[in-house]
Amino acid sequence: MLFDFTTLPTRERYKLLVATVVPRPIAWVVTQDEAGVTNAAPFSFFNALSSDPPILGVSIGDSPRGPGDKDTLANIKATGQFVVCLVSERTAHAMNITATDLPPEVDELAEAALTPVPSTKVKPPRIGESPVAFECELFQLVPLGGNILVLGKVLAMHVHDDCVEDAAKNYIDTPKLELIGRMHGRGWYARTAEMIDIPRITLADWAANKGGG
Ligand SMILES: Cc1cc2nc3c(=O)[nH]c(=O)nc-3n(C[C@H](O)[C@H](O)[C@H](O)COP(=O)(O)O)c2cc1C
């Protein structure tokens with residue numbers, strides 16, 4: 001079936017995109033306003049976009065309270081700093097609590113009984129329960145129409161000690177992170193525990209085996 005994105009209304013395009021571009025990693029973004037009130041919220045229009053410089057991208061839509069920025073974006077614009085935490089199975093329900101549209105003066109980490117741990121290079125804390133956290137400074141804001149793409153430069157990364165396989169080689173035990181990805185609809189998530197290994201093919205191997213060897 002063909003879906004013509006040049007004629008479909010915004011809501012329908014959104015439904016089609018989020019039902020098919022799956023699983024999406026989730027950025028659990030911690031920010032602070034200028035008074036130091038901490039905010040946390042999840043965003044699945046998210047990915048790692050570059051390693052030199054190390055850039056993460058998070059796309060943030062309008063506030064459900066009406067036209068205007070979500071608290072996360074307002075805080076990033078005001079302070080230029082944020083922390084991206086990743087979401088594990090163990091923290092999934094707490095993440096869901098922080099997606100509630102709580103007023104800006106409410107500390108969402110306290111509301112979800114999460115532990116703020118001081119960052120080393122930025123003011124917003126990281127979420128202690130998250131197995132991975134990236135301390136970021138604002139690199140660029142890219143207006144996309146209804147959304148704004150926030151590009152953040154990673155200044156530091158934290159990984160729970162038991163998920164580091166070999167610190168000297170920077171090897172992470174990725175399955176042990178037990179991260180989840182966002183699927184379709186409002187409440188479906190995928191575990192990342194089930195994997196398949198597909199070794200890369202060198203040009204020489206491809207050329208040698210193409211004949212059916
Ligand atoms: C798993 C998940 C992923 C989400 N992804 C996005 C997203 O990519 N962009 C967005 O604008 N909102 C997204 N939301 C909704 C925001 O988390 C929600 O609007 C939140 O209340 C914003 O909080 P804030 O006003 O404190 O920034 C997502 C919600 C969930 C549960």
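Q: Where is Pro23 found, and how do you know that the neighbouring elements are a helix and a strand?
A: Pro23 is in the loop between helix H1 (10-20) and strand E1 (27-32). These names follow DSSP runs, at least four residues of H or I for a helix and at least two of E for a strand, numbered from the N terminus. The model is predicted, so local features need pLDDT of at least 70 and side-chain atom pairs count only at pLDDT 80 or more, while totals for chains, interfaces and linings use all residues. Residues are numbered from 1 along each chain as its sequence is written, and side-chain values use heavy atoms, leaving out hydrogens and water.

Q: Which kind of peptide bond leads from Val22 to Pro23?
A: The bond is cis, with omega near -15 degrees. Another cis bond joins Asp52 and Pro53, with omega about 5 degrees. Pro53 lies in the loop between strand E3 (46-51) and E4.

Q: What makes the phi of Ala113 worth noting?
A: Phi is near 55 degrees, a positive value in a residue other than glycine. Ala113 is in the loop between helix H4 (108-111) and strand E6 (116-117).

Q: How many residues surround the ligand, and what makes a residue count?
A: 17 residues surround the ligand, and Pro42, Ser44, Phe45, Gly61 and Thr72 are the closest. A residue counts if one of its heavy atoms lies within 4 Å of the molecule.

Q: Which elements give two or more residues to this shell?
A: They are strand E2 (38-43), strand E4 (54-60) and helix H2 (71-79). E2 gives the most, with 4 residues.

Q: Why is the pair between Lys70 and the ligand called a polar contact?
A: An oxygen atom of the ligand is 2.8 Å from an N or O atom in the side chain of Lys70. A polar contact is a pair of N or O atoms within 3.5 Å, so this pair qualifies. For the side chain of Asn39, the distance from a ligand oxygen to an N or O atom is 2.9 Å. A polar backbone atom of Asp71 is 3.0 Å from an oxygen of the ligand.

Q: How much of the ligand's accessible area does the protein cover?
A: The protein covers 90% of the 650 Å² that the ligand has on its own. Such areas come from the Shrake-Rupley method with a 1.4 Å probe.

Q: What classes of residue make up the shell around the ligand?
A: The shell has 7 nonpolar, 6 polar and 4 charged residues. Ala, Val, Leu, Ile, Met, Phe, Trp, Tyr, Cys and Pro count as nonpolar, Asp, Glu, Lys and Arg as charged, and the others, Gly among them, as polar.

Conventions. A polar contact is a pair of N or O atoms within 3.5 Å; within protein, one must be able to donate a hydrogen and the other to accept it, and residues adjacent in sequence count only if both atoms are side-chain atoms.
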